[in-house]
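Visitor: I'm new to this one. Can you walk me through it?
Guide: Sure. Here it is.

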Protein chains: 2
Amino acid sequence: MSRVFNFSAGPAALPEPVLRQAAEEMLDWQGSGMSVMEMSHRGREFIGICEEAEATLRRLLAVPPHFRILFMQGGGLGENAIVPMNLSGGGAVDVVVTGAWSRKSLAEAGKYADARAAADTRDDGHTSLPPPAQWRLRDGAAYVHVCSNETIHGVEMATLPDLAALGCRAPLVVDCSSHVLSRPVDWSRVGLAFAGAQKNVGPAGLTLVFVREDLLGRALAICPSAFDYRLVADNGSMFNTPPTYGIYVAGLVFRWIEAEGGVAEMDRRADARAARVYGCIDGSGGFYVNRVQRTARSRMNLPFFLADERLQDDFLAGAKAAGLVQLKGHKSVGGLRASLYNAMPMAGVEALVDYLADFQRRRG
Amino acid sequence: MSRVFNFSAGPAALPEPVLRQAAEEMLDWQGSGMSVMEMSHRGREFIGICEEAEATLRRLLAVPPHFRILFMQGGGLGENAIVPMNLSGGGAVDVVVTGAWSRKSLAEAGKYADARAAADTRDDGHTSLPPPAQWRLRDGAAYVHVCSNETIHGVEMATLPDLAALGCRAPLVVDCSSHVLSRPVDWSRVGLAFAGAQKNVGPAGLTLVFVREDLLGRALAICPSAFDYRLVADNGSMFNTPPTYGIYVAGLVFRWIEAEGGVAEMDRRADARAARVYGCIDGSGGFYVNRVQRTARSRMNLPFFLADERLQDDFLAGAKAAGLVQLKGHKSVGGLRASLYNAMPMAGVEALVDYLADFQRRRG
């Protein structure tokens, strides 16, 4: 068996020790005689697994007690509807459009609320971050939505906006799907944060929601019960049957992060990984190009282009032959993309950088 | 390692060969160098896995070409909202209430439609099936909803109602979560069927939806895009990231069923398992009691009671010591329950029947 280095934007690479433990426990979780997949979500064993996953996640991100952590389903696209059904009250919603994901959030919120773009970087191809002081925020908005890491356009907020300092009292909603657990979170600035699991957390089909308790209980009448944050919170994420196996694998990932040194260490590694790859791109004399402003660049998702796009198929074929897979860019922007999530080891980054240099040597 | 016999109503026991294969392929699916959990849902490997799962399921249940098969999220409780958001048009919905699950469906549909009970067996404690000829069906109803197997009350429809023969032109919606793939389906009687995976199919977090093509494209404006059947169908269940690992495991289960002899063989085994356990209960001279009318009894979920309920804790403790777990009844009805899904081997049934007889001998 030979494992590849997998640069997929999601579902994405998971830590190998997590996969090994999942494989070992597949038929018999810790002497229970059952796979975790086979356990009743109401049974003692699974409730323990779920509680430990939540507690570890809470420690890792220092989530304060007045935030509830929910394990839900439907991913980021699901939350694009679930958030306004729960928080908009049918009122005004301001969305900061910094790429494809926040644009989708804006469109979906429009089904339930008076949703408008508070800023939009479309004109520069989503290669910058608009300064919060320039956002057009409305008095009385139900919430302000940001995507703190745009998976497709490769734009990341290094810090979350301080809405209170801008004189805005609306809660901040953060789609942090593709960089959750890669840096600390300043919860004093957050009302709600959500993340699809399939990047830094675990298998697709699980969504993490962090919600300030005072925001519970505001759902519109048309909000499905299974997606009403109040009901989900009151039932410990078991109003309906949760994605139990996904929660188990996520719990293993959380423990792996803790054992590796926690979010501070993930933060340090993300810096190191991104510096290495952007350094190689920027040092290529224009052979490889990333167009995002340096201060807005994502450490998780690095879109880039070959100046001569005719080389792209050869680049991808050679990468695959070298065990470097899923480097093709998203179809909406084209080009190439390297996603460097927590589970990507430095050896994978070095292999990528070596390949970039080698390909340029041969074809540049 | 010693595997138990797991009578959980769901998440529930899975075939051991499926779990073995999942464990073996966890770090490297068929030479890809990746776990299925790590695969992009847009990649060649996963698309192949998903297409094969769907094709096998279609063969197993002889699903006609004018039905689409969707892999969704949210489970049965999610579908209770998703179905009326897609099919009701805000009009009339008739629900046949035969137990706890159809009652939940009625309540949730009431958020989106003029939902009424076409029949309700509450007065006999949901121990019977109301004859279709007695259902109060309204002209022009958007659909008629039945739960063809009530997991909690242990009531099962051996055949689906023929609405056309009753002069009703509304499509039939079938919640078949807890007995899908245990008997053939007469698709000529069905408009839409859905099933949470966590009983006969695979891990929790995956929902199967079978929908007649002419019913697509009717969603209410407030239906979340991620749950709009038309969008899900047009995107091959990849409008949002699907629960990829769940689809993979479901695919292994489908292949296991096919290798064992298909749905006809599952049907035969379900008869044999249920006959053995009901025979033991009915032959106990009233020591064990099942109150459901014989023609309405579920082959999948067998709720029963000890005539002397003070013995229940001892019964459950002894069962657990004998490796028979999850026999406690649902909290809303109390007592005991044995769920006998496709993955329950006859050896598990014999072990249960032996234990029932032995316990009665010692305590009767």
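Visitor: How do β9 and β10 of chain B pair, and over how many bridges?
Guide: Strand β9 (residues 192–196) of chain B runs antiparallel to β10(B), with 5 bridges in the pairing. Two strands count as paired if DSSP finds at least two bridges between them. Strands are DSSP runs of E with at least two residues, helices are runs of H or I with at least four residues, and both are numbered from the N terminus.

Visitor: Is this an experimental or a predicted model, and how are things numbered?
Guide: This is a predicted model: local features need pLDDT of at least 70, side-chain atom pairs count only at pLDDT 80 or more, and totals for chains, interfaces and linings use all residues. Residues are numbered from 1 along each chain as its sequence is written, chains are lettered from A and ligands numbered from 1 in the order in which they are written, and side-chain values use heavy atoms, with hydrogens and water left out.

Visitor: Back to that strand. Which residue stands opposite B:Ala195?
Guide: B:Leu208 in β10(B). B:Phe71 also has B:Leu208 opposite.

Visitor: What about β2 of chain B? How does β2(B) pair with β10?
Guide: In the antiparallel sense, over 6 bridges, with β10 spanning residues 207–212 of chain B. In that strand, B:Thr207 is the bridge partner of B:Met72.

Visitor: How many residues of β10(B) are buried?
Guide: 5 of its 6 residues, so to speak mostly covered. Buried means under 20% relative accessible area, exposed over 50%, and partly exposed in between, with a 1.4 Å probe and protein chains only.

Visitor: What's the strand order of the whole sheet in chain B?
Guide: The order is β2-β10-β9-β8-β5-β3-β4 (chain B), an open sheet of 7 strands with mixed pairing. β2 (67–72) and β4 (114–120) of chain B are the edge strands, each pairing on one side only. From one strand to the next, the twist averages 20°.

Visitor: Which helix lies across β2 and β10 of chain B?
Guide: Helix α2 (residues 44–61) of chain B, running at about 130° to β2(B). Helix α4 (residues 100–109) of chain B also packs on the sheet. Helix α4 touches β3 (92–97), β4, β5 (143–147) and β8 (172–175) of chain B, and its direction makes about 160° with that of β3(B). Contact means heavy atoms within 4.5 Å. Axes are lines fitted to C-alpha atoms, for helices over the stretch in contact, and angles run from 0 to 180 degrees between N-to-C directions.

Visitor: And chain A? What order do the strands have there?
Guide: Chain A has an open sheet of 7 strands in the order β2-β10-β9-β8-β5-β3-β4, with mixed pairing. Its edge strands are β2 (67–72) and β4 (114–120). In chain A, 5 bridges join β9 to β10, and A:Leu192 stands opposite A:Val211.

Visitor: What rotation superposes chain B on chain A?
Guide: One of 180°, with 0.0 Å of shift along its axis and an RMSD of 0.0 Å. The two copies are thus related as by a two-fold rotation axis. In chain B, B:Ala23 has the C-alpha nearest the axis, 2.2 Å from it. Superposition is by least squares on the C-alpha atoms of residues with pLDDT of at least 70 in both copies.

Visitor: What share of chain B's contact residues recur in chain A?
Guide: 100%: the same surface serves both copies.

Visitor: New topic. How many aromatic pairs are there?
Guide: 24 over all chains. Rings of Phe, Tyr and Trp (its six-membered ring) pair if their centres lie within 6.5 Å; planes under 30 degrees apart count as stacked, over 60 as edge-to-face and the rest as tilted.

Visitor: Why is the pair A:Phe304 and A:Phe315 edge-to-face?
Guide: Their planes are at 80°, with the ring centres 6.4 Å apart, so the pair is edge-to-face. A:Phe304 is in strand β12 (residues 301–306) and A:Phe315 in helix α8 (residues 312–321) of chain A, 11 residues apart.

Visitor: Buried or exposed, that A:Phe304?
Guide: Buried, at 0% relative accessible area. A:Phe315 is buried as well, at 0%.

Visitor: Which rings join them in a cluster?
Guide: Ring pairs link A:Phe287, A:Tyr288, A:Phe304, A:Phe315, A:Tyr355 and A:Phe359.

Visitor: Which ring does the charged end of B:Lys104 sit over?
Guide: That of B:Trp101, 5.4 Å from its centre. B:Arg291 lies over the face of B:Phe305, at 4.4 Å from the ring centre. The rule here is NZ of Lys or CZ of Arg within 6 Å of the ring centre and within 35 degrees of the ring normal.
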